[in-house]
Amino acid sequence: MYQRLRDLREDRDLPQRTLAELLHVSQATYSRYESGGLDIPSGALIALAGFYRTSVDYLLGLTEDPRPYRQRSRQP
């Protein structure tokens, strides 16, 4: 999972600082997310999946398909 986060960021030529700002954490904290030194909170995973337009399952390595899931319509 951690390598996947780094690869996604580097493929877009983004510094860690950019993702840290998105998640409202320090660059050092984000660096620890990428290195596996700190568990990533679920809210941060959801935010990253949205930012990269993928699924949390893809970020976690549970699927190799990077496409996001379709959102279900809500019932009234």
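These legends walk through several close-up views of a predicted model of one protein chain.

**View 1. The whole chain, a run of five helices.** Welcome to the overview. The chain's secondary structure amounts to five helices and zero strands, so the pattern read along the sequence is α-α-α-α-α. Measured out along the principal axes, the C-alpha atoms fill a box of roughly 45 × 25 × 20 Å. The chain has 76 residues, and 28% of them count as buried. If you look at contacts between residues at least 6 apart in sequence, 43% join residues at least 24 apart.

**View 2. The largest nonpolar core.** Here we step inside. The largest nonpolar core has 15 residues, and those touching the most other members are L5, L23, Y30, I40, L48, Y52 and L59. Two or more core residues come from each of α1 (2-11), α2 (16-23), α3 (27-35), α4 (42-52) and α5 (56-60). The largest share, five residues, is that of α4. As a general background, nonpolar side chains in soluble globular proteins tend to be buried together.

**View 3. I40 and its contacts.** This view stays with one core residue. I40 is among the core residues that touch the most other members. Which residues does I40 contact, once neighbours within four places in sequence are left aside? They are M1, L5, Y33 and L45. Of these partners, L5 is also listed among the core residues with the most contacts to other members.

**View 4. The two faces of α4.** Now take a closer look at a single helix. The buried residues in α4 are A44, L45, L48, A49 and Y52. Seen down the helix axis, these buried residues of α4 fall within an arc of 135°, so they line one face. Their packing partners are α1, α2, α3 and α5. On the face turned away from the buried side, α4 carries the exposed residues S42 and I46.

**View 5. Where α2 meets α3.** Two helices share this frame. α2 and α3 pack with their axes 8 Å apart, at an angle of about 105°. Angles of 65 to 115 degrees count as roughly perpendicular, and α2 and α3 are therefore roughly perpendicular to each other. From α2, the residues Q16, R17, L19, A20 and L23 take part, meeting Q27, Y30, S31, Y33 and E34 of α3. By type, the residues of this contact divide into five nonpolar, three polar and two charged.

**View 6. Q16, a buried residue of α2.** One member of that contact deserves its own picture. Q16 is placed in helix α2. Is Q16 buried or exposed? With a relative accessible area of 17%, Q16 is buried, because the cut-off for buried is under 20%. Not counting residues up to four places away in sequence, Q16 touches R9, Q27, Y30, S31 and E34.

**View 7. H24 and R53, two loop residues with positive phi.** The last view visits two loops. H24 lies in the loop between α2 and α3, and its phi is near 60°, a positive value in a residue other than glycine. H24 counts as exposed, at 73% relative accessibility. R53 follows α4 and lies in the loop between α4 and α5. Although R53 is not a glycine, its phi is positive, about 55°. R53 is exposed too, with a relative accessible area of 68%.

Definitions and conventions:
Residues are numbered from 1 along each chain as its sequence is written. This is a predicted model: local features need pLDDT of at least 70, side-chain atom pairs count only at pLDDT 80 or more; totals for chains, interfaces and linings use all residues. Side-chain values use heavy atoms; hydrogens and water are left out. A nonpolar core is a set of buried Ala, Val, Leu, Ile, Met, Phe, Trp, Tyr and Cys residues joined through side-chain atoms within 4.5 Å. Buried means under 20% relative accessible area, exposed over 50%, partly exposed in between (1.4 Å probe, protein chains only). Helices (H or I, at least four residues) and strands (E, at least two) are DSSP runs, numbered from the N terminus. Contact means heavy atoms within 4.5 Å. Axes are lines fitted to C-alpha atoms, for helices over the stretch in contact, and angles run from 0 to 180 degrees between N-to-C directions. Angles under 35 degrees count as roughly parallel, over 145 as roughly antiparallel, 65 to 115 as roughly perpendicular and the rest as oblique. Ala, Val, Leu, Ile, Met, Phe, Trp, Tyr, Cys and Pro count as nonpolar, Asp, Glu, Lys and Arg as charged, and the others, Gly among them, as polar. The arc is that of the directions from the helix axis to the C-beta atoms.
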